[in-house]
Amino acid sequence: MPDAYDTSVDREWRLLIGGEWVAPAGGTYEVIDPNTTELVGRAPEASVEQARAAAAAARDALVGWRRLSREQRCAHLGRLADVLAERSPDWVDLVQAETGATINVAETLQVGGPFVERFRYYSRPIDLDEAVPPMTAAATALGPAGLVGAMVHRQPVGVVACITPYNFPLTNVAGKIAPALAAGNTVVIKPAPQDPLGVLLLGEAVIEAGLPPGVVNIVTGSGPEAPAALVESRDVDMISFTGSTTVGVKIYETGARTMKRLLMELGGKGALVMTEDADVGRAVQAIASVWGFHSGQICTAPTRVICHRSLYDQTIEALSAVAGFLTVGDARSRDTLVGPVITEAHRDRVEAFVRSGLDDGARLVCGGERPDLPGYFVAPTLLADVTPDMHVTREEAFGPVVVIMAHDGDDHAVELANDSDYGLFSYVYAGDMKRAYEIGRRLESGNVALNSIQPHLEAPFGGFKMSGIGRDRGKWGIEAYTEIQAISWLS
Ligand code: NAD
């Protein structure tokens with residue numbers, strides 16, 4: 001095996017275009033560790049022309065890649081998974097530094113676990129073709145009578161631009177490019193500006209695994225110009241986007257001009273409904289994950305608690321007690337549960353979000369103050385007595401902030417839960433599963449978990465309403481990167 005990849009702070013990072021490492025036309029910008037505010041590295045600033053060149057390189061590589069059999073493409077993904085399993089444990093320090101994740105999160109969810117597993121999963125050929133039952137056709141002006149048969153095939157969409165958010169840079173990219181490549185597409189990756197360096201290491205692994213040049217391209221940059229150029233490019237057939245609803249809407253609008261295929265994984269404001277017989281301890285543990293799991297920078301987090309009035313005070317008290325036990329601080333310490341949020345600007349946004357809640361009349365139960373630490377920290381914050389119309393109830397903070405309100409019965413709880421523009425992931429905590437299931441079925445949410453916060457990683461994932469379009473994961477994940485082609489014949 002060649003030497004370990006260079007992750008040093010003074011490394012010269014480049015863009016991956018058509019199988020070559022290319023110097024960025026726009027120079028570099030600084031990637032900062034949100035935990036220490038120190039420099040992690042200088043990321044390449046791609047120009048608009050380089051974004052277009054990456055799309056053109058992906059288009060050039062498309063014919064050869066889609067001509068391979070499904071098994072051959074999957075074998076490439078299997079080799080990539082092997083290289084990543086070998087290499088990626090060495091990336092933990094870098095990825096931890098650029099994301100600000102606690103060491104536990106970095107090891108198990110940023111670099112380990114789902115990142116490599118996504119490539120492994122999609123390295124198994126999945127057959128999506130199906131036959132349609134034959135039909136008899138009468139003679140018409142169009143043609144003679146007979147038996148018409150049909151096959152439904154899945155064709156790759158073409159060139160897919162994968163535009164991703166900052167919270168889990170590697171896992172988000174893997175969740176897109178593994179199924180896209182397996183389906184026969186080529187890709188241009190545009191990772192989030194805040195933490196793109198681990199994704200550039202993935203590019204090195206792609207080369208080491210021997211994928212053909214141009215099948216995977218990576219452009220990075222600090223502004224919206226390069227990804228916007230991908231959305232406009234006629235060389236790009238599909239945008240697979242994960243990020244905020246605001247940017248998702250822009251992509252939808254601009255993409256319409258070239259009829260882009262879209263997979264949109266957008267924002268969320270997860271409701272967690274507690275019935276009067278819910279297990280408060282379990283529910284509180286789930287809610288506290290908003291604080292203790294990547295500082296609430298999770299689209300699926302249960303940030304909007306809708307609690308039966310009879311349990312309301314008890315739940316608030318229990319949450320306040322848990323918040324007091326969560327260690328906020330140095331993300332590199334194994335004792336730390338709450339690390340920083342990604343940037344100074346984002347910390348300021350989360351603080352303004354909390355202030356807006358207080359201005360609107362919410363009650364601050366805990367948090368709210370800025371921890372006295374060098375990085376961009378926000379204390380675990382709970383806002384009680386919120387109302388459905390408040391900004392803090394309707395919008396995501398994408399930080400360690402929970403809001404809670406009371407309901408007076410299942411119908412009321414469902415009404416409050418559905419009073420949201422979002423519909424990504426919701427939760428029900430109830431004394432019996434039948435009741436939890438019935439409430440879950442009434443929620444306008446692409447995903448619902450019952451008495452648990454664990455998602456099923458092969459169940460379809462995606463949002464209702466402003467939370468997105470399309471579904472990820474499992475066979476749905478690969479279908480998302482295909483066009484449906486029907487072939488019929490008369491016999
Ligand atoms: P963001 O929308 O600010 O940025 C996401 C990506 O879009 C970045 O790569 C950015 O460079 C790019 N971008 C910015 N402007 C663009 C433009 N005009 N055209 C094309 N691309 C553009 O999101 P973020 O702050 O990185 O991430 C947080 C958001 O992501 C939250 O809203 C969160 O809910 C959402 N998210 C959703 C999921 C999901 O699966 N539904 C998962 C993770 C995060």
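**Exercise 1. Find the polar contact between the side chain of Lys-190 and the ligand, then list backbone contacts to the ligand.**

Step 1. In this predicted model, a polar side-chain atom of Lys-190 lies 2.9 Å from an oxygen atom of the ligand. A polar contact is a pair of N or O atoms within 3.5 Å; within protein, one must be able to donate a hydrogen and the other to accept it, and residues adjacent in sequence count only if both atoms are side-chain atoms.

Step 2. For the backbone, a polar atom of Tyr-166 is 3.2 Å from a ligand oxygen, and an N or O atom of Gly-243 is 3.4 Å from a ligand oxygen.

Step 3. The ligand taken alone exposes 860 Å², of which the protein buries 88% (Shrake-Rupley method, 1.4 Å probe).

Local features need pLDDT of at least 70 and side-chain atom pairs pLDDT 80 or more, while totals for chains, interfaces and linings use all residues. Residues are numbered from 1 along each chain as its sequence is written, and side-chain values use heavy atoms, without hydrogens or water.

**Exercise 2. Describe the shell around the ligand and state why the ligand lies between two domains.**

Step 1. The shell holds 27 residues, and Thr-164, Lys-190, Ser-244, Leu-266 and Glu-396 are the closest; a residue counts if one of its heavy atoms lies within 4 Å.

Step 2. Sorted by class, 17 are nonpolar, seven polar and three charged. Here Ala, Val, Leu, Ile, Met, Phe, Trp, Tyr, Cys and Pro are nonpolar, Asp, Glu, Lys and Arg charged, and the others, Gly among them, polar.

Step 3. At least two shell residues come from each of α8 (225-232), β10 (238-242) and α9 (245-255). Helices (H or I, at least four residues) and strands (E, at least two) are DSSP runs, numbered from the N terminus.

Step 4. Domain 1 (15-266 + 467-490) and domain 2 (271-461) both contribute to the shell, so the ligand lies between them. The bounds come from an automatic or database domain assignment.

**Exercise 3. Classify the aromatic pairs Trp-91 with Phe-115 and Tyr-121 with Tyr-122.**

Step 1. Rings of Phe, Tyr and Trp (its six-membered ring) pair if their centres lie within 6.5 Å; planes under 30 degrees apart are stacked, over 60 edge-to-face, the rest tilted.

Step 2. The count comes to eight aromatic pairs. For Trp-91 and Phe-115 the centres are 6.2 Å apart and the planes at 45°, so this pair is tilted.

Step 3. Trp-91 and Phe-115 are both buried (under 20% relative accessible area; exposed is over 50%, partly exposed in between; 1.4 Å probe, protein chains only).

Step 4. Tyr-121 and Tyr-122 are edge-to-face, with 4.8 Å between centres and 80° between planes.
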